[in-house]
Structures are given as C-alpha cells and as structure tokens.
Amino acid sequence: MTFCDTCQHQNDPEAKFCANCGAMLARACPACGRRNLSQADKCVDCGAVLQAAGQRGARAPAPKLGARAREGERKRLTVLIADISGSTALIDKLNAEEADQRLGIITAAMREAVARFEGTVNKLQGDGLMALFGAPISQEDHAVRACCAALAMIENVRKIENAPPVRIGINTGEVVVRSLLTDMSEQYDAMGRTVHIAARLEHEAPDNGIAISTETLKATAGQVEVEPLGERRLRGISDPLQVHALMRIRPPVATQQFRGGQKLSPFVGRDAEMQVLHQALEEARAGRSPVVGIMGEAGSGKSRLIFEFLETCRAAGLPVLEARATGYGRATPLRPILDLYRTFFGIDDDMSKQVAAERVGATLSYYDLVQDLPLVLDFLGLPLADRSAVPTDVGLRRIKLLDAAKRLAHAVALAQPSVFVVEDLHWLDPASEAFLVALADSIAGTTTLMVVNFRQDFRSEWTERSYFRRIAVRPLDEAAIATILDHALGADPSLANLRRRIVERSAGNPFFAEELIRAAVEQGGLAGSAGHFKLVDAAREAPMPPTVEAVLGSRIDRLPEQDKLLLQAASVVGREFSLSVAAKVAQVTFQLARASLQLLLGAEMLYERADVQRDDFAFRHPLVQEAAYGSLLTEQRKHLHRGTAAALAVKFRDRLDEYSSLVAYHWEKGGENLLAAQSHLRFALWMGARDPRHALDSWRSVRRLIQDNASSPEVEYMLMMACGQIVNLAWWEGIDASEIEPVFAQAIALAHKHKDIRAAALITMAFGRILLITGSSDAYVAKAEEAQKLIGGPGHESASALLKVVYSHALLSAGLLERALQANTEALESIHQIEQRDRQTLGFDPAPWLKTQRARILMGLDRFAEADGILDALLAGPPLETIHQVNAHGTKIEGHRKIRPDLSVQEVENLRAALRENVTPYLRVLGHRYQALALLAENRPDEAVGLLNETIDYARAQRAGLEIEPFLLTILAEALTATGSDQARATALEARNLARRRAMRVAEREAEEILARHA
C-alpha cells in the first residue's frame, strides 16, 4: 500500500493520486522543485535523479527577512515541534559521523514534509525540529498546513527502513517572532507561551502520533478529524488543557460549512446578487448559460451567497456538483478536480476500487465516452487492465486528459441542466486551473450553469472572456448587520454600545460581524441566550477573533516590506491619517510613501478621503488597522506613537490648541506622560471656553498622568490647576461631593503649599457649587463665604468680583432672597473688575448669569415689572450663550405663568428655539423644567406629567441638573394635583423632604403649599 503524505490514507501501490484527499503521490525534484510521480526515477522537467524518501535534499531557500522581522513582530501562527522517539538508543553504538548520517536521513524526511506545505524549519537538532506555519511565509490556513505537514512527516519516516517513530505536538496562538543573530548566522525564531505548549504537547503524543491543542483544532475550522486524548496537565502550564490526537484531513466540500447543523445568521442584503444568479440560471435553462464569477473580500459572504442559491437549485430538482480549492492547494495539486470527478461518479471512501472503476465505466458508457475510460481511471488511481491507451509521455497524457474532461463536461451539460460550483479560485493550483478553464469553455452556452468565486486580488485571462459574468459582493449596509445582531444578540438596551462597536468594526463584512459576536459571547460579559442576551460586564472590548486575525494578518504579511512598514505606521497614526505624517512616522521619504500608498490603495486596504485634502487617507476596514497595529511589539508602538505626536505637533502648529488632545493621546501611548499632560492642559484651556464637559475629561487626564510624578514646582502647579478645574467643572456632570472631595483636598493642599490664595479661594468656591447638587444650599453659602474671606485683601479684585457673583447665586439657591438681592447688587457694582481669564472660570460668562439671578430674585419678591425689564434688556442685547438664553426665557415663563399665562405661552416658543442647538444634558433638564411650567400655564397638566417624569428619570440617570430636582418634583406634584392623581400628595411630600435636606427654601415653601391643598 502507498500512504498519502497529506492525509495518511492507504492507496493502491500504482495510484498516482490519493483516493481520499486528492493529493498527488509524488516526489519533489531537488534541482528544479517539480513534483514527479512516486515511481519516477528522474525528473520529467530537468532530468535530475530523484532521491528516495528519507535521503537528504537541498534545503529550501530561507525567506528574506525585513527590518521589522529583525526588530520583532506579534503574530498568530502555528508551531509544530517533532521529536524522534528513542533516538539515543538508535545511535548508542554509532560514532559521530554514523549517528549524523542515520539521524540526518530521518530529519531530512521530516523537513521535506514541512517544506511541502510551505512551513519554515527554524530550529533543527539532531533528533528533532521546530517548524513555523504562518510566518515568515504568510498563510491564513497555517493550522491546516501544520496538520498536513505532520501527517506527511509521519508517513515519510515510516518509509525509512528501521526508522524509530516520531512524536509531534502542534499549537496555535500568538507569538513574538524576530530574527536573532548568533555567532554563526541569522535565525528566525518565535517566542512565547504558544511555543512552550507545542513542546509539551509533543510529549503527550503517542509514537507516530500527533497531539494538537484546542486552539489548533478551532483554527482548522472543521477541516481535520481528531480523537480526544482528554484533559492533560502540561509541565509549566498552570491550567489543564484539552489535548486531541490528529487522525486525518477531511476533504473539503464547498458549502459543507453551512451544513453542520449550526444556527445560521439571517441571509440579508443580497437580493440584487441573488437576482443576477437566478437570471443566469434562466439563461442556462434556455441553453445560453454564462459562467458567473462572484468576487469579494474575505468574509464578505461569497460562499453563503452560493449556498443559498444552491439550496434553491436543489429544491427545484437540479443536480449540483461542488468543489473548492484550499490554501495549501499547491502542495496537493488537482485536488478540486479530483473531488469533482469523485462527486460526479459517486465514488466515496467506503467503495472498493473495483466497484468504483465499474461505476466510472458505466457512467462514461452512458454518455458514449468509453474511449476516455483508460485516461479517467488512470487519473483517479483506479484499477486499469490495459494501460496501452494511456500515453507514457506526461505532457501528452495531460493534453488527452484535458480533452477527455471537455468532452465529458459538454456531454453532461447537454444531457441535463445542472449547476457546477468551484469556490476559492484565488487558491487554485495551476494544474487545476487548466482543467477549470477547459470545463468553462465546454460548459458555457449550454444548459449547465458554472459558478465560481474568488477574492478581489484574483486575476486570470479566462475571466475576461465573453461568457464570463462578474458579481461584486459589496459590504452589507448597517441595517443588514443590525438584523444579524438582532438574531444573534438581541436588542436589549444594555447592548447598544456593543452593537454599535460591532457595526463599526465589521464595516459591513458579515463574517467579521459574526466572529466579533462570537468573541463577545465567549468573553463572558453577556448573560442569556442567542437573540436574548443582556450585557452584564462591559469591562473591555472583545479582542480581534483569531479567525479574522488570520485572514487580515495574512494579507498584511504578503505586502512588500516597505509597504507593510507604511501600513503599520499609519495604523498608529489612526483610522484616518495624513500621508505626510505617516511618512515621517515610518521614516521614509514622501515619494516612497506615495509609491507604497498606491499599492495599498490598489489592495483596497486604504482609501482616499474625498471630503478632505489629498494628503488624507483612511483604512477601508477598521479591523485592518487593528491587525496592523496588533502586529507591533510594545516598544515599537511606543516609538511610533512618539513620532506621531511630534509629527502632528508640526503639522497642526497653527491650530495646535484644537489638536492638542490628539497629540496628547500619542504622547501618552508613547510613554511620555508629562508631555501628554501638557498637551491635555493646553486642550482643556481651549475647550473650557467651548464645552466645559469635554474640558473636564482633559483635566482629569492631566491629573491622572502626573499625580504620582509631581517632582517639580512646575508639575505640582499643573496638578493644582487640574484638581482645581476638576472641582470647578464637576457640577456639569452632577458628581457627588463625596466623590470629588479627595480631589478638592488635594487641590487646596497644593494651593496652600504654593501660597496661591487666589487659587485656594476659587477652588473653595467651586466645591461649594458641588455641594449644591447633592448636599445643602446652606453648605454652598458657607463655602462661598469662606472663599471670600480667603481672598479679602488687595490684589485680587478680579477673583473677588467673581466670588460675589457666585455668592449671590448661593443665597438665591438657599432661598434667602433679601440677602441674595443685596449680594447681587454688590456683585453688579464690581462685575466690571472680572478679568478675561476669570470670565470663563465658571464655564460661561458670569455677567448675563448675574442679571438673570437678579430677575429671579425680584420675581421671588413679587417685583415682576423690574424683573421683566432686566430680562428684556438682556435678551435685546448682544447674542447670549445658550445657557443664558434658556435661563432668561425660562425665568419669564416661571414668573408670569400664574398672573399672565398668555405671556408664558408666547415665551415658550423662544425657549424651544434656544434649545434647538448645542443642547447638553444639563440644558435639556433645565429647558424641560421651563417647558413643563408653560404646559401648566396652558392648562395641559397631563402632558406636563409625562414630560416631568421623563425629565426626572433622565436627570438622575445622567446626573445632570440635580440642583433643580426639588423644583422638578414640586412642579410634578402640582401637575398631578391638576390631573386629580392620587400620587400628587406623595410626590409633594417627596419634594418637600428633598428640598428640606438641600436647604432650598423656595422649593420647600412651594411643596408645603401643595401639601396644604391635600390636607
């Protein structure tokens, strides 16, 4: 019997191809690389003498290593470690030369198996080797190749007389690969836990056996058969691992991946493509069949489209023939064609060779093609009584076999309408492609429809022929991806952010979306079942799935070194990047970068942004950026981030305030915390005048980056500024005083240490405003008074004037209206002293705020005419910030709703107009308060109840506008009273108690009035 090197199947001694997997039973020529029949003595191409299995052969040229390989890269690959069992006993009585010769024969046979499937032997010892699949040669199917090589390795060694058995361990995972310089040579090596597990698995393998990990089994995607060896504790590995014994490679079937009983995602977004396929089928029924080629990126749904189409064909009673090429197809040439023949003739593994030969004969006889029987039987490796009809010349035999294939294809196509499918032409070996072209020429224009698919980079002359029709599979739109998410995850509100990120990261690729969903589920942050999940742990984003990483990593690794360097540099700059910046980061000239860019655009990894200047580009797919970024080692990333920060600072030097947050991000990623803090501070000062909430985030970043390394007075001052501004702006987010108190204490301590009385006063004032939110208005008043005492001396007129404005507000919040009016008058007299730097301390201009306060105080004292005059003048003056517009219109609504409701109704339109733009959560809550008052003025209490309930829930959830929560509850109680609801008294009681705790006397008085109505 002849064992197949690929799948270990036992074949007839005269077989040319494996009956199971289709691999050629052949020898590689050491001179030219041509694969020859196993019985051949000389190479048919160059005439070189072929060596018997086990003899030393010429070593395959090592892959060329680029600069990045020498520095090191992260990669996901498969490691194979093989050892000759009992090698010590084998050479015990031999001298060194004899031992080297004996072991050399065996290791040469092992190396041949690795080379056949394009692996790289990176370590070779006397009795074993280590091989890598997936690097430095890029292979997205590296796990399957390693399994094929392992099976071939065992078969090679078995053919060597008296050779001891070998044991093999295989593991798949992330490693760091780099080129190491030794005293003798440069060696490509891999390091990491993945390698150690592979070494331990080798010890778990039986003699002439292969132990693989679960990670390798998953990576093969069902293309191998295994037997479980159970859970094993491997030396040096903390957790036990499941180990599997590799048995054989499964023959690939085109749509088998969708027939495993798994629950498929909804088939959506492909109506146009299906329509084209069905139109082609109708043309075939009329005897005018085209050849249809489905083109798309990896994971775009080409195979699923074919599967769904074939299901409709089978339902209509049409015969279907399927085959697919594999990534290791060049090591197993003609496999797709052999699969097609076996499927067509109905040959399976359990059938005897004699029965199979009889079936082939009967089928050819039916089509009146008996003259081709010897060629077909010889091709399939089946018994042949008379070989005289088979040419001995290999070239002539191939020509006649192609002619026979054409005749058979044409005869079948004319006899019965059917569908013929070959998938993944981008992996097709040259010998198979020659057959495929012959079949296409014969089938086109008949009643048989031929459908193929391939990736976008596949090019072949025959696809330009007149009968060829191309379908481009485009990315799915967001609605289609959302349907897939509904089916797999569900639509629970807790999933909103996860769903959004999957839509963003998958970028319309259904396979990527499904794998990201699977990764999120496997990470353990979801509870429930398919279609009904809820998020229970949003700690971190799911990592890139290995299946996706294999596809994208392989594409990136196939790039020329210079182009890959630019892509990695661009991945650090960001999803969208400037070519000039990326070129500086990659340290290449702009001209070289432009040349690399053209290739990356052609490979559809990047695209030019048409909405901006020509220097700006973007990654076509977010996961391409993730894969390129993920391949960099930590120190490489830091170096490139530092280069990016410096390049961006130069590019945006005229608008650096605006871009300093982005610069800060890269300084921080580059490990330069102080430079990052300085950039965040610059951005915070710029943003504070525009959006205080976003400025707060930057101030937090400044504090986080330097609080443990405040080693100089300058850095300490930065830290004081950051802490002070966090305290000052925290009220925008409704942060509880207990949460902000440690920051306040740190800021005050630093202010006193540096004898900065002004800063201490302003920080104290700011903390008082936080006490208003969840503490007491009286505490707010006390802190405002404390701040004024701190800064009572000369030289601080600006800050003192600002504190008077805040003090007026504190007294108004506490409902101490007479004192508030007096403080407000004093503040108005000194407001002109507030300098520009202090005018933005609060996040807005204090002057309009002070005037609105005065109007509210006067209305509270029933001095409506004076209040109206102040508000009318304010609104008629220069344009106001949104917060001042809302407060001015809202105060008019509140003041007039009971005495002049018509004025309140008119004013609400002005309020709505002010709320149409730049509405923050705080402004939304504030605006809804005033709108609810207007609804009560219009006698629409039911609508007011709905709006207020929604607003209170929103305010509590967003922690926005909580200082007016007692007023919201009071208005709600009033609205409920107007509707006759039995909840009115309870709500008024809640409002009164909350107002009392917060020392808000006006709200407390209003709540008491409502309670009196229910007494």
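This report describes the overall make-up of a predicted protein model and then several of its helices, strands and side-chain arrangements.

**Overall make-up**

The protein chain holds 41 helices and 22 strands. Of its 1015 residues, 55% are buried, and the area that the chain exposes comes to about 43800 Å², with carbon and sulfur atoms supplying 50% of it. When contacts between residues at least 6 apart in sequence are considered, 66% of them join residues at least 24 apart.

**Strand S13 and its partners**

Strand S13, which covers residues 291–295, is mostly covered, since five of its five residues are buried by the cut-off of under 20% relative accessible area. In a regular strand the side chains alternate between the two faces of the sheet. In S13, Val291, Gly293 and Met295 point one way, whereas Val292 and Ile294 point the other way, and all of these residues are buried.

Two strands pair with S13. Strand S16 (residues 448–454) runs parallel to S13 and is joined to it by five bridges, and within S16 the bridge partner of Gly293 is Val452. Strand S17 (residues 468–472) is likewise parallel to S13 and joined to it by five bridges, with Phe468 of S17 serving as the bridge partner of Val291.

**Gly299 and helix H16**

The loop between S13 and helix H8 (302–315) contains Gly299. Gly299 has a relative accessibility of 21% and therefore counts as partly exposed. Once residues up to four places away in sequence are set aside, Gly299 touches Asn509, Pro510 and Phe511. The C-alpha atom of Gly299 is also separated by 10.0 Å from that of Glu515, although the two residues are 216 residues apart along the chain.

Pro510 and Glu515 are both among the buried residues of helix H16, together with Phe512, Ala513, Leu516, Ile517, Ala519 and Ala520. Helix H16 spans residues 510–522, and its end C-alpha atoms are 18 Å apart, which agrees with the 18 Å that 13 residues should span at 1.5 Å a residue. The buried residues of H16 pack against four helices and a strand, namely helix H14 (478–488), helix H15 (496–506), helix H17 (546–557), helix H21 (622–630) and strand S18 (526–527).

**Helix H9 and an aromatic cluster**

Helix H9 is largely enclosed by the rest of the structure, because nine of its eleven residues are buried. These buried residues are Arg335, Pro336, Ile337, Leu338, Asp339, Leu340, Tyr341, Arg342 and Phe345. The residue that follows H9 is Gly346, which has a positive phi near 75°.

Across the whole structure, a search finds 15 aromatic pairs. One of them is formed by Tyr341 and Phe345, whose rings lie 5.9 Å apart centre to centre with 45° between the planes, a tilted arrangement. Tyr341 and Phe345 are four residues apart in helix H9 (residues 335–345), so about one helical turn separates them. Both Tyr341 and Phe345 are buried, and they belong to one aromatic cluster that also includes Phe344, Tyr366, Tyr367, Phe379 and Phe435.

**Arginines over aromatic rings**

In two places the charged end of an arginine sits over an aromatic ring, as the following table sets out.

| Arginine | Ring | Distance from the charged end to the ring centre |
|---|---|---|
| Arg924 | Tyr954 | 3.8 Å |
| Arg929 | Phe967 | 4.7 Å |

**His889 and helix H41**

His889 lies in helix H35, which runs over residues 882–896. Is His889 buried or exposed? Its relative accessibility is 8%, so His889 counts as buried. Leaving aside neighbours within four places in sequence, the residues in contact with His889 are Leu875, Glu907, Asn910 and Leu911.

Helix H41 (residues 1001–1013) has 13 residues, and the distance from its first C-alpha to its last is 19 Å, close to the 18 Å expected at 1.5 Å a residue. Val1002, Ala1003, Glu1004, Ala1007, Ile1010 and Leu1011 are the buried residues of H41. The buried residues of H41 pack against helix H39 (965–979) and helix H40 (984–997).

Methods. Residues are numbered from 1 along each chain as its sequence is written. This is a predicted model: local features need pLDDT of at least 70, side-chain atom pairs count only at pLDDT 80 or more; totals for chains, interfaces and linings use all residues. Side-chain values use heavy atoms; hydrogens and water are left out. Buried means under 20% relative accessible area, exposed over 50%, partly exposed in between (1.4 Å probe, protein chains only). Contact means heavy atoms within 4.5 Å. Accessible areas come from the Shrake-Rupley method with a 1.4 Å probe; for residues, only the protein chains shown count as cover. The expected span of a helix is 1.5 Å times one less than its number of residues. Two strands pair if DSSP finds at least two bridges between them. Rings of Phe, Tyr and Trp (its six-membered ring) pair if their centres lie within 6.5 Å; planes under 30 degrees apart count as stacked, over 60 as edge-to-face and the rest as tilted. A charge sits over a ring if NZ of Lys or CZ of Arg is within 6 Å of the ring centre and within 35 degrees of the ring normal.
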